[in-house]
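Reader: I'd like a close look at one part of this protein: the salt bridges and the residues around them. Could you walk me through that part in one go?

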Amino acid sequence: ESGFLKPAPEPFLEVARRFGQPPSEILFVGNSVRRDVAGARSVGMPTALRSRRSEKLADLVFTDWNELREFALASRAEEGLSFGEVRVQAAEAASVS
């Protein structure tokens with residue numbers, strides 16, 4: 001626990017610390033542009049947003065969890081899409097605050 005609320009950078013840096021990876025190697029998945037996407041981007045994390053809106057508000061915008069799964073699998077297989085070893089932190093299930 002970082003002692004700070006999103007979108008402060010501390011919770012995102014704590015996620016990176018727990019994974020033992022630099023922020024740029026962690027795909028942060030969330031459902032809030034203001035709290036999740038803005039906060040993750042502030043520390044250099046690539047972002048995925050679960051949203052019904054079609055605008056490109058994050059590096060990946062998806063509505064169905066299978067889309068995220070396919071993206072993660074493709075990222076590991078294709079050069080250029082890779083965020084290193086893809087690690088997904090689902091903000092909806094995270095308790096980091």
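Author: Here is a walk through the salt bridges, with a look at the cores and one loop residue afterwards. Keep in mind that this is a predicted model, where local features need pLDDT of at least 70, side-chain atom pairs count only at pLDDT 80 or more, and totals for chains, interfaces and linings use all residues. Residues are numbered from 1 along each chain as its sequence is written, and side-chain values use heavy atoms, with hydrogens and water left out.

Searching the whole structure turns up 5 salt bridges, a salt bridge being a side-chain nitrogen of Lys or Arg within 4 Å of a carboxyl oxygen of Asp or Glu. Let's start with Glu14 and Arg18, whose side chains pair up at 3.0 Å, N to O. Both sit in helix α1, 4 residues apart, which is about one turn of the helix. (Helices are DSSP runs of H or I with at least four residues, strands are runs of E with at least two, and both are numbered from the N terminus.) Glu14 counts as buried, at 12% relative accessibility, while Arg18 is partly exposed at 48%. Here buried means under 20% relative accessible area, exposed means over 50%, and partly exposed is in between, using a 1.4 Å probe and protein chains only. Arg17 joins in too: Glu14, Arg17 and Arg18 are linked in a network of salt bridges.

Next come two other pairs. Arg53 and Glu55 meet at 3.0 Å, N to O; Arg53 is partly exposed at 48%, and Glu55 is partly exposed at 37%. Arg69 bridges to Glu70, with the closest N and O atoms 2.9 Å apart. Arg69 is partly exposed at 49%, and Glu70 is partly exposed at 47%.

Now for the nonpolar side. The largest nonpolar core has 8 residues: Phe12, Val15, Ala16, Ile26, Phe28, Ala40, Val43 and Met45. Helix α1 (residues 9-19) gives the largest share of this core, 3 residues. Another core, of 7 residues, lies apart from it and includes Leu27, Val29, Ala48 and Leu60. By nonpolar core I mean a set of buried Ala, Val, Leu, Ile, Met, Phe, Trp, Tyr and Cys residues joined through side-chain atoms within 4.5 Å.

Last stop: Ser51, in the loop between β2 (47-50) and β3 (60-62). Ser51 is buried, at 14% relative accessible area. Leaving out residues up to four places away in sequence, Ser51 touches Val61, Phe62 and Thr63, where contact means heavy atoms within 4.5 Å.
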